[in-house]
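Me: Please take a close look at one part of the structure shown here, the binding site. I would like a careful walk through it, with each term explained as it comes up.

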Amino acid sequence: MAAFSFKVAPPLPKPTPSSFSWTLSLSSPITPHRTAKPHKTLIVFSSLNAKPTILVAEKLGQTGIQLLKTFANVDCSYDMTTEDLCAKISLCDALIVRSATKVTRQVFESSGGRLKVVGRAGVGIDNVDLAAATEHGCLVVNAPTANTIAAAEHGIALITAMARNIAQADASVKAGKWQRSKYVGVSLVGKTLLLMGFGKVGSEVARRAKGLGMQVIAYDPYAPADRARAIGVELVSFNEAISTADFISLHMPLTPTTSKILNDYAFSKMKKGVRIINVARGGVIDEEALLRALNSGIVAQAALDVFTEEPPPKDNMLVLHENVTVTPHLGASTFEAQEGVAIEIAEAVVGALKGELAATAVNAPMVPAEVLSELAPFILLAEKLGRLAVQLVAGGSGVQSVKITYASARGPDDLDTRLLRAMIIKGLIEPISSVFVNLVNADFTAKQRGLKLAEERIVLDGSPEKPLEFIQIQLANVESKFAGALSDLGEIKVQGMVKEGLPHLTMVGTFGVDVSLEGSLILCKQVDRPGIIGKVGTILGEGNVNVNFMSVGRIAPRKQAVMTIGVDEEPDIETVKKIGEIKAIEEFVFLKL
Ligand SMILES: NC(=O)C1=CN([C@@H]2O[C@H](COP(=O)(O)OP(=O)(O)OC[C@H]3O[C@@H](n4cnc5c(N)ncnc54)[C@H](O)[C@@H]3O)[C@@H](O)[C@H]2O)C=CC1
Ligand SMILES: O=C(O)C(=O)COP(=O)(O)O
């Protein structure tokens with residue numbers, strides 16, 4: 001028996017426009033067709049019905065492996081060639097690597113769309129092609145905290161070992177020599193240590209170096225001054241930094257800006273006899289320039305844990321240099337750090353595979369759990385409205401221009417719309433393409449498809465308790481298969497809000513409606529007169545279509561009205577034909593949500 005509920009929607013609150021706007025502009029149009037795909041949620045890979053498979057490509061702590069095994073099939077295959085990795089990857093939902101595995105575009109392409117998460121068991125993600133990951137909708141997460149202390153301790157170990165020639169002296173004694181005057185070192189106390197990069201590792205090195213009596217300065221244009229002050233570190237400009245330091249220790253990520261930041265120019269500005277420590281990435285130093293600086297005496301000594309090419313070639317002149325101390329990328333290699341990193345990355349990868357938003361996402365917005373739980377019903381509303389709007393577009397007219405309006409009693413800075421925007425894009429694109437859209441690739445996919453998106457915030461009077469009052473989507477320059485969905489300006493317009501935790505459609509075109517966005521929807525435009533609702537209900541009942549909700553929005557009694565009917569089943573052709581034959585009905589459309 002079908003359940004009916006009749007409602008004429010209440011008037012909407014009066015909005016005040018605000019200035020917030022976000023625009024993404026591009027060109028080529030998308031053309032709608034009608035292949036509905038199963039509904040998937042946000043980053044969600046819980047569309048994985050079977051147990052997922054996680055490929056662990058480099059050695060990971062046992063506790064992390066055990067954690068992964070509770071959720072997935074785990075394939076630990078170390079020392080694979082690129083070819084081996086590409087061959088295996090199409091059978092894997094997630095991949096976990098450390099710094100040695102290059103996760104290139106070829107890897108994502110070889111995955112055939114199955115790879116959903118790459119976990120970097122450590123900090124630096126310069127070995128993962130982030131652009132390719134994003135384009136393939138693959139989330140990249142890292143483990144940014146568990147190896148900080150290990151890296152900082154290794155930095156201090158290298159500083160002290162270098163200053164006292166520990167490695168060279170050790171080799172000498174083992175070779176049967178006793179060269180006490182050759183290995184006279186330098187003291188650390190009172191010397192100036194420059195940290196290039198004052199993030200997690202840099203700060204921990206600072207604390208320890210101060211304990212050794214060093215003066216610590218840092219060059220990091222993005223570091224907060226209060227943190228530096230709290231540790232007693234002076235933040236200085238690049239030129240001042242490199243010209244005053246006795247020791248320079250690198251702790252910045254490898255990016256296009258930091259690549260070869262220590263080059264011939266930088267070495268030429270340094271104090272003669274400076275000492276260099278690199279526990280960050282080989283690429284932040286121009287290695288040939290360092291060799292020249294060592295040979296000319298500008299640099300007295302260097303201690304390197306990382307290299308541009310790892311492992312470095314056997315004839316690498318830096319490695320063989322008498323004044324250079326080297327370790328094979330051991331910064332993160334303590335038992336404690338590796339156990340910690342393994343747990344951190346296992347939790348992040350499992351969480352991501354379950355569809356949770358990862359706190360350590362590298363190529364997607366990080367959304368705090370409390371924000372996410374508050375936005376959850378609106379996320380669903382956003383997707384449903386997108387799905388609805390795009391299905392109202394007449395075939396062939398192509399969506400190019402989308403305006404999204406968020407109405408809220410909260411201030412413009414108090415609402416993170418990235419998730420909502422991603423879900424609207426998902427709703428707009430998935431019903432008309434074979435692309436899987438998630439938070440990672442939503443903006444990219446919209447851009448690719450030439451979707452021009454404009455976001456606007458309107459601030460309403462009222463309680464800021466709810467994050468949002470309503471979301472409205474307008475599609476401009478399109479024809480609609482349902483003229484009743486057009487606004488006065490000729491745009492397809494739909495609007496919705498969350499009621500009792502559930503997404504509701506509250507406006508179609510200029511008609512106020514009120515129907516829960518569940519199952520599927522029939523929209524009918526008719527002349528308001530007695531008996532129509534009953535007739536449509538009876539026809540649907542005869543066609544074995546269960547009605548879960550019905551609402552009518554009208555301009556005025558006996559004038560034009562839009563009836564929205566929530567249905568559990570898709571009506572067959574005969575039922576649809578019968579509805580069309582009702583005289584007062586001007587047009588109607590069936591929409592799958
Ligand atoms: N050798 C090893 O085994 C390990 C190496 N690392 C490497 O150490 C580096 C730092 O790691 P964390 O401190 O955890 O990262 P982090 O993100 O906490 O700190 C990096 C700092 O570099 C700064 N920075 C970025 N661009 C800069 C620029 N152009 N000039 C100056 N500073 C800049 C940032 O503002 C930030 O404060 C990373 O490259 C990481 O891969 C980390 C752990 C182990
Ligand atoms: O975490 C980092 O950035 C590191 O460099 C550690 O590298 P690893 O995991 O030891 O290969």
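Reply: A polar side-chain atom of His-329 lies 2.7 Å from an oxygen atom of ligand 2, and this is a polar contact (a pair of N or O atoms within 3.5 Å). Before going further, please note that this is a predicted model, in which local features need pLDDT of at least 70 and side-chain atom pairs count only at pLDDT 80 or more, whereas totals for chains, interfaces and linings use all residues. Residues are numbered from 1 along each chain as its sequence is written, chains are lettered from A and ligands numbered from 1 in the order in which they are written, and side-chain values use heavy atoms, with hydrogens and water left out.

Two other side chains also reach ligand 2 with polar atoms: one in Arg-98 lies 2.8 Å from an oxygen atom of the ligand, and an N or O atom in the side chain of Asn-147 is 2.9 Å from an oxygen atom of ligand 2. On its own, ligand 2 has 310 Å² of accessible area, of which the protein covers 91%; such areas come from the Shrake-Rupley method with a 1.4 Å probe.

The residues around ligand 2, meaning those with a heavy atom within 4 Å of it, include Ser-99, Arg-120, Ala-121, Gly-122, Val-123 and Gly-124, as well as Arg-281 and Ala-332. By class, this shell divides into three nonpolar, five polar and three charged residues, where Asp, Glu, Lys and Arg count as charged, Ala, Val, Leu, Ile, Met, Phe, Trp, Tyr, Cys and Pro as nonpolar, and the others, Gly among them, as polar.

Two names from that shell return when we turn to ligand 1. A polar side-chain atom of Arg-281 lies 3.3 Å from an oxygen atom of ligand 1, while Ala-332 takes part through its backbone, with an N or O atom 3.1 Å from an oxygen atom of ligand 1. Asp-305, by contrast, brings a polar side-chain atom to 3.0 Å from a nitrogen atom of ligand 1. The accessible area that ligand 1 has on its own is 860 Å², and the protein covers 88% of it.

Altogether, 25 residues surround ligand 1, and the closest are Lys-200, Val-201, Asp-220, Val-279 and Asp-305. Sorted by class, the shell around ligand 1 has 13 nonpolar, eight polar and four charged residues.

It remains to say where the ligands lie. Ligand 1 sits in the largest pocket, and ligand 2 sits in the largest pocket as well. Here a pocket is an open set of points on a 1 Å grid over the protein atoms alone, with protein on both sides within 12 Å along at least five of seven lines, and a molecule sits in it if more than half of its atoms lie within 2 Å of its grid points.

Conventions
Polar contact = N/O pair within 3.5 Å; in protein donor to acceptor, adjacent residues only side chain to side chain. 1 Å grid on protein atoms, 1.4 Å probe; cavity = no way out; pocket = protein on both sides within 12 Å on 5 of 7 lines; lining within 4 Å.
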